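Hi there,

Here is the structure I promised to pass on to you. Have it open while you read, and I'll go through what turned up.

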Amino acid sequence: MKDAQVDMEKTIADLKAIVPSDFASRTPEEHIFIGLDELKFRMKNAEIVVTNMEYKDDEVSLPVTIKSSISRKAAGKDYASFINDIGYLQSMGFPFFYIGGISMVQSQDRASVSYEIKGALKTLKTAEGRQ
């Protein structure tokens, strides 16, 4: 019984670390737009395209496409930035960023590599949004 209580307390502490304190006071759309603003701030040189918000079961998502390129002249710096950006996307809390695919294409003159990340910002519906 004591072990179960310790497990519950650990689970609650883990959830509090992941879920923002204002989760219930904001709409899912607000959380997604805040996440989108953070993406735009983080990836200033990328083109970020979104489509319509999608609602499915207890989830709200915003499809996102991120496009940019890696210059051959600054390949070390650009590639490191690309890898760091992928790591950032994978580490996002609420809203989460689901990576559906990454494609990379080298230019004909081999001066750069263009990449495209297709995914979605996703969050849960709040209690108010489920009614």
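Let's start with a question to get you looking: which residue stands opposite serine 114 of strand 5? That is valine 105. One step along, glutamine 106 stands opposite valine 113, again in strand 5. Before you go further, keep in mind that this is a predicted model.

**The overall layout**

The chain has 131 residues, and 28% of them count as buried. Its secondary structure comes to three helices and five strands. If you read along the sequence, the order is α-α-β-β-β-α-β-β.

**How the strands pair**

Strand 5, residues 112–124, is a good one to follow, as it turns up in two pairings. With strand 4 (residues 96–106) it runs antiparallel, and 10 bridges join the two. These two strands form a hairpin, with five residues between them. Look at the turn for arginine 110, which has a positive phi of about 60 degrees.

Strand 5 also pairs with strand 3, again in the antiparallel sense, over 13 bridges. To find this pairing on screen, pick isoleucine 70: its bridge partner in strand 5 is valine 113. So you meet valine 113 from both directions, because glutamine 106 stands opposite valine 113 too.**A cluster of rings**

Next, the aromatic side chains. How many aromatic pairs are there? The count comes to two. In one of them, the rings of tyrosine 79 and phenylalanine 82 have centres 6.2 Å apart and planes at 40 degrees, so this pair is tilted. Tyrosine 79 and phenylalanine 82 are three residues apart in helix 3, which puts about one helical turn between them.

Are these two residues buried or exposed? Tyrosine 79 is partly exposed, with a relative accessible area of 47%, whereas phenylalanine 82 counts as buried at 5% relative accessibility. The cut-off for buried is under 20%.

Phenylalanine 82 also pairs with tyrosine 115: their ring centres are 4.5 Å apart and their planes are at 55 degrees, so that pair is tilted as well. Phenylalanine 82 lies in helix 3 and tyrosine 115 in strand 5, so the pair ties together parts that are 33 residues apart in sequence. Both phenylalanine 82 and tyrosine 115 are buried. Put the ring pairs together and you get a cluster of Tyr79, Phe82 and Tyr115.

**Charges over rings**

Two lysines are worth a look here. The charged end of lysine 44 sits over the ring of phenylalanine 41, at 4.1 Å from the ring centre. Lysine 122 lies over the face of tyrosine 98, and there the distance to the ring centre is 4.8 Å.

Lysine 122 has another link for you to check. The C-alpha atoms of lysine 122 and phenylalanine 94 are 7.7 Å apart in space, while the two residues are 28 apart in sequence. Where does phenylalanine 94 lie? You'll find it in the loop between helix 3 and strand 4. Phenylalanine 94 counts as buried, at 16% relative accessibility.

**The largest pocket**

Last stop: the largest pocket, which has a volume of about 290 Å³. Its lining is made up of 14 residues, and those nearest the centre are Asn45, Ser68, Asp78, Ser81 and Asp85. By type, the lining divides into five nonpolar, four polar and five charged residues.

Which element gives the most to this lining? Helix 3 does, with five residues. Strand 3 (59–71) and helix 3 (75–91) each supply at least two residues of the lining.

Try zooming in on aspartate 85, one of the residues nearest the pocket centre. Aspartate 85 is in helix 3 and is buried, with a relative accessible area of 9%. From the C-alpha of aspartate 85 to that of leucine 39 is 9.3 Å, although the two residues are 46 apart along the chain.

If you'd like a route for your own tour, begin at the hairpin of strand 4 and strand 5, go on to the cluster of Tyr79, Phe82 and Tyr115, and finish at aspartate 85 in helix 3. Shout if you get stuck anywhere.

Cheers

Technical notes. Residues numbered from 1 in each chain as written. Predicted model: local features only at pLDDT ≥ 70, side-chain atom pairs only at ≥ 80, totals over all residues. Heavy atoms only, no water. 1 Å grid on protein atoms, 1.4 Å probe; cavity = no way out; pocket = protein on both sides within 12 Å on 5 of 7 lines; lining within 4 Å. Points joined across faces, edges and corners; volume = space filled by probe spheres on them. Helix = DSSP H or I, 4+ residues; strand = E, 2+ residues; numbered from the N terminus. Nonpolar A, V, L, I, M, F, W, Y, C, P; charged D, E, K, R; others polar. Pairing = 2+ DSSP bridges. Phe/Tyr/Trp six-rings, centres within 6.5 Å; stacked < 30°, edge-to-face > 60°. Buried < 20%, exposed > 50% of the residue type's maximum accessible area, 1.4 Å probe, protein only. Lys NZ or Arg CZ within 6 Å of the ring centre and 35° of its normal.
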